[in-house]
Amino acid sequence: MPTVEKASSKIQNLLLAALPENVFDKIEPSLKLVDLKLDEVLWEMDEKRKHIYFPTTAMICLIYETDDGESIEVGMAGRQGMVGVVTFIGDARMAKRAVVMIPGQAYVMKAKDVEKYFEEIPDFQEICMLYTQTLLAQISQNVICNRLHSIEQQLCRLLLIINYNLQTTTIHLTHDRISNVLGVRRESVSAAAAKLQDLGLIEYARGKIKLLDRKGLLAAACECYEVVKDQYERILGKYISHHDS
């Protein structure tokens, strides 16, 4: 089984890295590094959760789907978080499914181990619960963003989140995939991407988006990205003392 590095790393999951050394040593044997494939469904709402995921280089999208088949992203997790919080908070129906939006790796832990450590290790329990607060804040803010802000602003928010989590300026996403995540028409995404490209903020070609001006993206985005980031840092500040903007 691969060993999680405790040193700061671009691919390190921040929650795992934030755990005290003695706590991490206890849970490390239960962690397994796995490859997550594009569009892999990690769980469905009505399934029993078997694992919890701590992404490192993958991005996982929490999707809500209506009865008529329309879907929209309600939350995302990358290196700053985890996926599967319902394992320890009960039958909370935050999303219909969890889907891999950008392939990569994650550390996975069996649900039985999560439950055991949650009961036995106060620091592990606290960091899981604090992250759950940030996830709820993210979901609430996304509702506001999807209702009130333009597609250009939502696209900027999405790109900034991925940039922060993957620490890269090159993002592989098609317009179709972005439209599914944002819950809007593909044509609307294409128009928004073209506008951002005309402004010199991004460069887009064949499913690859290159961020040219991150400060410009921050200025063009709505306040939702900064609000969610600030809440994350405030709630988890005891464990995670510094983040990139």
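A residue counts as buried when its relative accessible area is under 20%, as exposed when that area is over 50%, and as partly exposed in between. With that scale in mind, begin the tour of this predicted model at Gln167, which at a relative accessible area of 31% is partly exposed. Gln167 sits in the loop between α6 and β8, and its phi is near 55°, a positive value in a residue other than glycine.

Before going further, display the whole protein as a cartoon, in which you should be able to find 10 helices and 10 strands. Of its 245 residues, 50% count as buried, and the accessible surface comes to about 11,800 Å², with 49% of it belonging to carbon and sulfur atoms. If you display contacts between residues at least 6 apart in sequence, 73% of them join residues at least 24 apart.

Next, select α6, the helix that Gln167 follows. Helix α6 has 16 residues and spans 22 Å from its first C-alpha to its last, close to the 22 Å expected at 1.5 Å a residue. Because 12 of those 16 residues are buried, α6 is largely enclosed by the rest of the structure. Colour the buried ones, and you will pick out a set that includes Arg157 and Asn163 alongside Leu158, Leu159 and Leu160.

Keep α6 on screen and add α8 (residues 186-198). The axes of these two helices, α6 and α8, come within 9 Å and cross at roughly 75°, which means that α6 is roughly perpendicular to α8. To see where they touch, show the side chains of Ile151, Glu152, Leu155 and Cys156 on α6, together with Ser188, Ala192, Ala193, Lys195 and Leu196 on α8.

Now turn the view to look down the axis of α8 and select Val189, Ala192, Ala193 and Leu196, which are buried. Seen this way, the buried residues of α8 fall within an arc of 100°, so they line one face of the helix. An α-helix has 3.6 residues a turn, so residues three or four places apart point the same way. What covers the buried residues of α8 includes α6 (151-166), α7 (175-182), β9 (202-205) and α9 (214-220). Moving along the chain past α8, stop at Gly200, whose phi is positive, near 80°.

From there, go on to Arg206, in the loop between β9 and β10 (208-211). Like the starting point of the tour, Arg206 is a residue other than glycine with a positive phi, here near 50°. With a relative accessibility of 88%, Arg206 counts as exposed.

Then select Thr170, which belongs to strand β8 (residues 170-172). Leaving aside residues up to four places away in sequence, Thr170 touches Lys208, Ile209 and Lys210. Leu212 lies 42 residues from Thr170 along the chain, yet their C-alpha atoms are separated by 9.4 Å. Thr170 itself is partly exposed, with a relative accessible area of 29%.

For the last stop, select helix α4 (residues 111-120) and helix α5 (residues 122-148), whose axes come within 5 Å and cross at roughly 110°. Angles of 65 to 115 degrees count as roughly perpendicular, and α4 and α5 are therefore roughly perpendicular to each other. Where these helices meet, Val114, Tyr117, Phe118 and Glu120 in α4 face Pro122, Phe124, Gln125, Cys128 and Met129 in α5 as contact partners.

Conventions:
Residues numbered from 1 in each chain as written. Predicted model: local features only at pLDDT ≥ 70, side-chain atom pairs only at ≥ 80, totals over all residues. Heavy atoms only, no water. Helix = DSSP H or I, 4+ residues; strand = E, 2+ residues; numbered from the N terminus. Expected span 1.5 Å × (residues − 1). Buried < 20%, exposed > 50% of the residue type's maximum accessible area, 1.4 Å probe, protein only. Arc of directions from axis to C-beta. Contact = heavy atoms within 4.5 Å. Areas by Shrake-Rupley, 256 points an atom, 1.4 Å probe, with all protein chains shown as cover. Axes fitted to C-alpha atoms, helices over the stretch in contact; angles between N-to-C directions. Parallel < 35°, antiparallel > 145°, perpendicular 65-115°, else oblique.
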